[in-house]
Amino acid sequence: MHVLHLRRLPQRQRRLLSRIATGALVCGAVLLLAPRANASADPLAVRVVTVEAAGEFETRRRYAGTVAARRASQLGFTQPGEVAEVLVDVGDRVIAGAVLARLLQDDVKAALAESRAALTLARANVVAAEADLELAQETASRFRNLHERGHASAQTYDEQRLGAAAARARRDVAVAERARAQAALDVAEVRLRQTEIRAPYDGMVQARLADEGTQVNPANVVLRLVELDRQEAHVGVPDQLANTLEPGADAELYWGNERLSVRLRAVLPEIDPTTRTLTAIYELTGSEARLPIGAVVELGLATAVESNGNWVPLAALTESERGLWGVYVVAADDTLDRRLVEILHTESDRVFVRGTLTSGDRIVAEGVHRLVPGQRVRVQGTELALSRPGITR
């Protein structure tokens, strides 16, 4: 009967009644399901971390510096002359003792040959003088025996004795002449060495400032040599911090994205008048000594700052008003209490804060965007740990 009545209604009304019926069914289903959903809702699961009081925190700062060669030399000749040859060019690596350049050596070599000849003559004179002395001494000895037996006069004996003394004096003169000839030869050899520039240590030629045919004086620089295997980093640090640095202490040096291990050699005692800092010298040796000379580097140093506070995870912070931040503390009844904190120091995944936290508070370590004060939660699993322990007292 009802079906027949519905079929007799206009099509528009039938559609309206169908929509009303469908809506009623949906509302009924929602009303039936809603109490069941509320009945099965559980407190939100959260991860927590227990905070501990700290008396200081460590801050790392970087101080700029430059790389310098341990040794860099301006090389030149110690006597005037004409450059005969330069055996190296810019960029060449050389070893200690290698000849790098020479002056014309004709006059020096001639003087050297003359000195060698004079030394040879002086040595021969010494040999002849020693032979004469030996003969004079033997003759004087025989005449002394003859004089003692009465076969030679005193005059004859005195002549032989004084002749031996004169031979000894001539021998001494010959020895002195030999020494003088040897000294002259040494001077000639020194002059010959002074016509050459030799590398004082292993390094690389940084500059070539004279070529063949150039007339040079001892004041002229011919080559510039830089040591490569031993480098230093000169870093300006505040005088208060410099007083805490100990020679021999290891440190970290940063060149771009690269980190190098260095060791403090010394802290210069004079403050730089421009930067008002003290210069700390760090050694780069071995594989670390490969940076370009003059490169800008940064020294990373850790400093302890005294301040009472707590370390908390960075993900535990929620933004608040007036520059403060907040964290959620799980109370004894498993409800959330919002505490305001002030950030004193920030690291990659943790912060040092000061506020209303007390040692032993359990704070929500992550997912704080889902939480509101007073909400009931359930602590899930074991407590999280901070990435690094704070410095405590």
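**A tour from L192 to the paired strands**

Select L192 to begin: this residue is partly exposed, with a relative accessible area of 22%, where buried means under 20% relative accessible area, exposed over 50%, and partly exposed in between, computed with a 1.4 Å probe on protein chains only. The model is predicted, so that local features need pLDDT of at least 70 and side-chain atom pairs count only at pLDDT 80 or more, whereas totals for chains, interfaces and linings use all residues. Residues are numbered from 1 along each chain as its sequence is written, and side-chain values use heavy atoms, with hydrogens and water left out.

Keeping L192 selected, show helix α4 (residues 154-193), in which L192 is found; helices (H or I, at least four residues) and strands (E, at least two) are DSSP runs, numbered from the N terminus. Next add Q105, V108, K109 and L112, which L192 touches when residues up to four places away in sequence are not counted, contact meaning heavy atoms within 4.5 Å. A distance label between the C-alpha atoms of L192 and L104 should read 9.8 Å, although the two residues are 88 residues apart along the chain.

Move now to the open sheet of four strands, whose order is β8-β7-β5-β10 and whose pairing is antiparallel; two strands pair if DSSP finds at least two bridges between them. Colour β8 (196-198) and β10 (215-216), which stand at the edges with a single partner strand each, so that one side of each is left without a neighbour in the sheet. Strand β5 (residues 81-86) pairs with β10 in the antiparallel sense over two bridges, and selecting E82 shows the residue that stands opposite Q215 in β10.

Then select strand β16 (residues 296-313), which runs antiparallel to strand β3 (residues 53-69) and is joined to β3 by 13 bridges; here F57 stands opposite V305. Strand β13 (residues 250-255) also pairs with β16 in the antiparallel sense, over three bridges, with L253 opposite L299. Four bridges join β16 to strand β20 (residues 350-355), again antiparallel, and R350 in β20 is the bridge partner of P313.

Finish at strand β4 (residues 72-75), where the side chains of S73 and L75 point to one face and are buried, while those of A72 and Q74 point to the other and are not. In a regular strand the side chains alternate between the two faces of the sheet. Adding strand β11 (residues 223-226) reveals an antiparallel partner joined to β4 by four bridges, in which L223 stands opposite L75.
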